[in-house]
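Trainee: Could you take me through one part of this structure in detail, the open sheets and the helices that pack on them? I would like one connected account that I can follow on screen.

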Amino acid sequence: MDKIRLFSSESVTEGHPDKICDAIADSILDEALRGDPMSRVACEVCCSTGMVLVMGEFTTEQYVDIPRVVRNVVKEIGYSDSSLGFDYHNCAVLTYINEQSADISMGVSDALESKDSSDPADRIGAGDQGMMFGYACNETPELMPLPISLAHKLTKRLTEVRKTGVMKELRPDGKAQVTVAYIDGKPAYVDTVVVSAQHNPDADLTKLREDIIKHVILHSVDSSLICDKTKFLINPTGRFVIGGPHGDSGLTGRKIIVDTYGGMCPHGGGAFSGKDPTKVDRSATYYARYVCKNIVAAGLADKAQLQIAYAIGKASPVSLCIDTFGTSKLTNEQLIEIINKHFDFRPYSIIKNLGLRAPIYAKTTNYGHLGKEDLPWEKTDKAEELRAYLK
């Protein structure tokens, strides 16, 4: 008998209050890196009705006009009218910024290995202890799990139809959730799609649901995945007028499962937005994705999950752990040996190999930090080398 398993993932639009905060934090980081690529930034943002608070630790030679960055982000997202309860004209912008802790700076700038090594890659230590995960699978062209891939397509499309005027009644906040039915471990069909979209108070809710199905769901989900079992739940509460920071406070780093694999892969706990690449919470997670994607692209496994763990102030990770869920002809020990030969997990090397000192982070914020083909950790430039191990 076929074994059916249902798995769900969610995504949120750029107008969601948590994502507003992430976008502000990453835009501030980009502004610092634009003038000083060696900037050390740990930026946290929270927002509520009529207010944005920016706090954190900055060590940079670049002046960042934080209020200007905040207002530009809020305006671009679409909060431009006071009737929304939050707008870029009138929101208060509060800042509380300090320099990076000298204790943390010491561990990053003078790694434990640098005392016995002249290798530049041994100079930079990890900015904190912790574990990070990477993942890839062959369910989609971008080698991401299907549920989170579809959820991101839906929320991105919600924003597109709002900004282009296809659905003028929409407002910036929104969510989508997709449940995929897996049969014997393979995605078979979409079981349920949930879309909650903020809208104007005078919107016709029946027409709103019809238009979301037509312009968002059927536009984003391949017809081959929709069957007579598929259910569409559009604005299940019946009304979603009060949204964004007016309806719920926002905070950076509160959508880490949305940012990664939609729950298909474990998460070490560290958030991404607002952190410069010396923070391995961010850079090593990206690198773990890069490794896994190359393994799957090379055909060494149908799916791969990699855990990396670091100690603060130490350049090399303290452990690597690979799991291919029985989809590889190679043993885990063989794969770890291959990974260690072809990939360098020291922060200096990660930053250099992926070009992470560039102002690229604002475009990572929404619709997933992973799976976007134009980001450097999504390249599969090692796949050909790795494919040789199948011969």
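Mentor: Let's begin with a term we will need: contact here means heavy atoms within 4.5 Å. Please keep in mind that this is a predicted model.

With that in hand, look at helix α8, which lies across β5, β10 and β11 and runs at about 30° to β5. A second helix, α9 (residues 332-342), also packs on this sheet, where it touches β10 and β11. The direction of α9 makes about 125° with that of β11.

Now for the sheet itself. It is open and made of three strands in the order β5-β10-β11, with antiparallel pairing. At its edges stand β5 (130-137) and β11 (319-323), each of which pairs on one side only. On average, neighbouring strands here are turned by 15° against each other, direction ignored. If you zoom in on β5 and β10, you will find them running antiparallel and joined by eight bridges. A handy landmark is Met132, which stands opposite Ile308 in β10.

Stay in this region for helix α10 (residues 347-354). Its buried residues are Pro347, Ser349, Ile350, Ile351 and Leu354. Among the elements covering them are α8 (280-297) and β10 (303-310), so you meet both the helix and a strand from the sheet we just left. Right after α10 comes Gly355, which has a positive phi near 65°.

The other open sheet is worth a visit too. Four strands appear in the order β1-β6-β7-β8, and their pairing is mixed. Here β1 (4-12) and β8 (231-234) are the edge strands; each has a single partner strand, so one side of each is left without a neighbour in the sheet. Neighbouring strands of this sheet are turned against each other by 15° on average, again ignoring direction. Strand β7 (residues 186-199) pairs with β8 in the parallel sense, over four bridges. Within that pairing, Val195 has Ile234 of β8 as its bridge partner. This sheet has a helix across it as well: α4 (residues 146-163) lies over β1, β6 (170-183) and β7, and runs at about 155° to β6.

From helices on sheets, we can turn to a helix on a helix. Two packed helices are described by the angle between their axes and the distance between the axes. For α1 (residues 17-35) and α2 (residues 66-77), the angle is about 135° and the axes are 9 Å apart. That angle makes α1 oblique to α2, and their crossing is right-handed. On the α1 side the contact includes Ile20, Ala23, Ile24 and Ser27, together with Ile28 and Glu31. On the α2 side, Ile66, Arg68, Val69, Val70, Val73, Val74 and Ile77 take part.

One last stop concerns the cysteines. Searching the whole structure turns up zero disulfides. The sulfur of Cys21 has its closest cysteine sulfur in Cys47, at 3.5 Å; the cut-off is 2.5 Å, so that pair is too far apart for a bond. Cys46 is in no disulfide either, as the nearest cysteine sulfur, that of Cys21, is 6.5 Å away. Cys21 is buried, with a relative accessible area of 0%, and Cys46 is buried at 17%.

Key. Residues are numbered from 1 along each chain as its sequence is written. This is a predicted model: local features need pLDDT of at least 70, side-chain atom pairs count only at pLDDT 80 or more; totals for chains, interfaces and linings use all residues. Side-chain values use heavy atoms; hydrogens and water are left out. Buried means under 20% relative accessible area, exposed over 50%, partly exposed in between (1.4 Å probe, protein chains only). Two strands pair if DSSP finds at least two bridges between them. Helices (H or I, at least four residues) and strands (E, at least two) are DSSP runs, numbered from the N terminus. Axes are lines fitted to C-alpha atoms, for helices over the stretch in contact, and angles run from 0 to 180 degrees between N-to-C directions. Angles under 35 degrees count as roughly parallel, over 145 as roughly antiparallel, 65 to 115 as roughly perpendicular and the rest as oblique. A crossing is left-handed if the near helix is turned anticlockwise from the far one by less than a right angle, and right-handed if clockwise.
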